[in-house]
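Here are some short exercises for getting to know a new structure. Try each task by yourself, then follow the solution step by step.

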Amino acid sequence: MFRNLLLTGLLLAWTSSLCFSGYIAKFDHDSRVVFSSNFEGNAEIYLLTRNLLTKLTDDPGTDEWAVPDSKGESIVFTSDRSGNFDVYIMNLKTREVKKLTADSRDEVSPSWSADDRFIYYDLKTGRNSWQTMKLDLGSGRSARLFPDAPYKTTIVPFENRRGEEIFFTAKALMGWLVAKYSVPDRKYTDLTESGSCRPKISPDGRKVAYVCFEDDGLGDIYLMNSDGSQKTNLTKDRADFYDYYPCFSPKGDMIVFSSSPKSQKKTGYQLYTLNLQSGEVSRIFASNGNNSFPYWF
Ligand SMILES: [Ca+2]
Ligand SMILES: [Ca+2]
């Protein structure tokens, strides 16, 4: 009798903890994934380590798009906690948060220069236009990152580890395309036609993962060489899913991405990993709502 009660109690505790926690994490790696989720009500930033979830922000505002520095000590992210979107920095050890920008317009999608001295971000300059900016962490001054770019609007820049190339999304006549900027010779190159976006460069600088709408019209994760050659659809068998926000693992042998079933449009993003050698896809984080912008480090 007592044993049965105990078992029932344990079972209840187990099911209720599942209900209250509201998520399933299956991440079996020694590295970390930082991402944003609204499963607790509004968008917060979370850190996923080996099957363990840590909430990094706790604010009624929208907190999203976390990107770590090269040493994995701090993240930059964007938040509208002071009325409009600004860029913030958080020390991952002390959790101390500092505001980096204060323009009354929106500043979003921050990332780091290879030497961690600059933050790149997108400044909203009009209803449908954005300018990619470069913030000097030493002086606190911002300037345009691509003053001579042949595109009206550029967004979501990521620099390779050697600081030689910056990959970004540019607005073309007929939509978005993936482009890169070569730092030494100040040259811009279109790497895709329109219908592609959100490139991320691999740790060795040789491969680019990005989103392409060509195959299923919803979005797939594609891989290409950093010169735009050998484009491959990595999520060809996921025709009924929106596959978005790819990011390489620290070793470059896997990719983390967000995927939402067609029936839920873009409101049911769960986190998956993809093994580039075996092609195996595993769900690492599931919850209600959207789990977006994963960054693996
Ligand atoms: Ca929040
Ligand atoms: Ca702002």
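**Exercise 1.** Find the bridge partner of Phe77 in S7.

*Solution.* This is a predicted model, so positions are read from the prediction. Start with the two strands: S6 covers residues 74–79 and S7 covers residues 86–91. They pair in the antiparallel sense, over 6 bridges. Within this ladder, Phe77 is matched with Tyr88 of S7.

**Exercise 2.** Place S6 and S7 in their sheet, and name its edge strands.

*Solution.* The sheet is open and has 4 strands, in the order S5-S6-S7-S8. Its pairing is antiparallel. The edges are S5 (63–68) and S8 (97–99), each of which pairs on one side only. On average, neighbouring strands here are turned by 25° against each other, direction ignored.

**Exercise 3.** Describe the open sheet that contains S19, and find the residue opposite Tyr222 in S20.

*Solution.* First, the order: this open sheet of 4 strands runs S17-S18-S19-S20, with antiparallel pairing. Next, the edges: S17 (196–201) and S20 (232–233) each pair on one side only. Now turn to S19, residues 220–225, which is joined to S20 by 2 bridges. Across from Tyr222 you will find Asn233 in S20.

**Exercise 4.** Work out how S11 is connected to S10 and to S12, and whether S11 is mostly covered or uncovered.

*Solution.* Begin with S10 (residues 118–124), which pairs with S11 in the antiparallel sense over 7 bridges. One facing pair is Tyr120 and Lys134, the latter in S11. The link from S10 to S11 is a hairpin of 5 residues.

Then look at S12 (residues 142–144): S11 and S12 run antiparallel and share 3 bridges. Here Met133 has Arg144 of S12 as its bridge partner. This connection is a hairpin as well, with 5 residues between S11 and S12. In the turn sits Gly140, whose phi is positive at about 80°.

Finally, check the cover: S11 spans residues 130–136, and 5 of its 7 residues are buried, making the strand mostly covered.

**Exercise 5.** Asp116 and Arg186 have a positive phi although neither is a glycine; locate them and decide how exposed each one is.

*Solution.* Take Asp116, with a phi of about 65°. Asp116 belongs to the loop between S9 (107–112) and S10. There are 14 C-beta neighbours inside 10 Å, so Asp116 counts as partly exposed.

Now take Arg186, with a phi of about 50°. Its loop lies between S15 (175–182) and S16 (187–190). Arg186 has 9 other C-beta atoms within 10 Å and is therefore exposed; the cut-off for that class is 12 or fewer.

**Exercise 6.** Does the radius of gyration of the protein chain agree or disagree with that of a compact globule?

*Solution.* For 297 residues, a compact globule would have a radius of gyration near 19 Å. The protein chain has 20 Å, so the two agree. For the extents, the C-alpha trace spans about 80 × 40 × 35 Å along its principal axes.

To complete the picture, the protein chain has 1 helix and 25 strands. Of its 297 residues, 43% are buried. Among contacts with a separation of 6 or more, 34% come from residues 24 or more positions apart.

Notes
Residues are numbered from 1 along each chain as its sequence is written. Chains are lettered from A and ligands numbered from 1 in the order in which they are written. This is a predicted model: local features need pLDDT of at least 70, side-chain atom pairs count only at pLDDT 80 or more; totals for chains, interfaces and linings use all residues. A residue is buried if 20 or more other C-beta atoms lie within 10 Å of its own, exposed if 12 or fewer, and partly exposed in between; C-beta atoms are placed from the backbone. Two strands pair if DSSP finds at least two bridges between them. The radius of gyration is taken over C-alpha atoms; the globule rule is 2.2 Å times the number of residues to the power 0.38. Two residues are in contact if their C-beta atoms, placed from the backbone, lie within 7 Å. Axes are lines fitted to C-alpha atoms, for helices over the stretch in contact, and angles run from 0 to 180 degrees between N-to-C directions.
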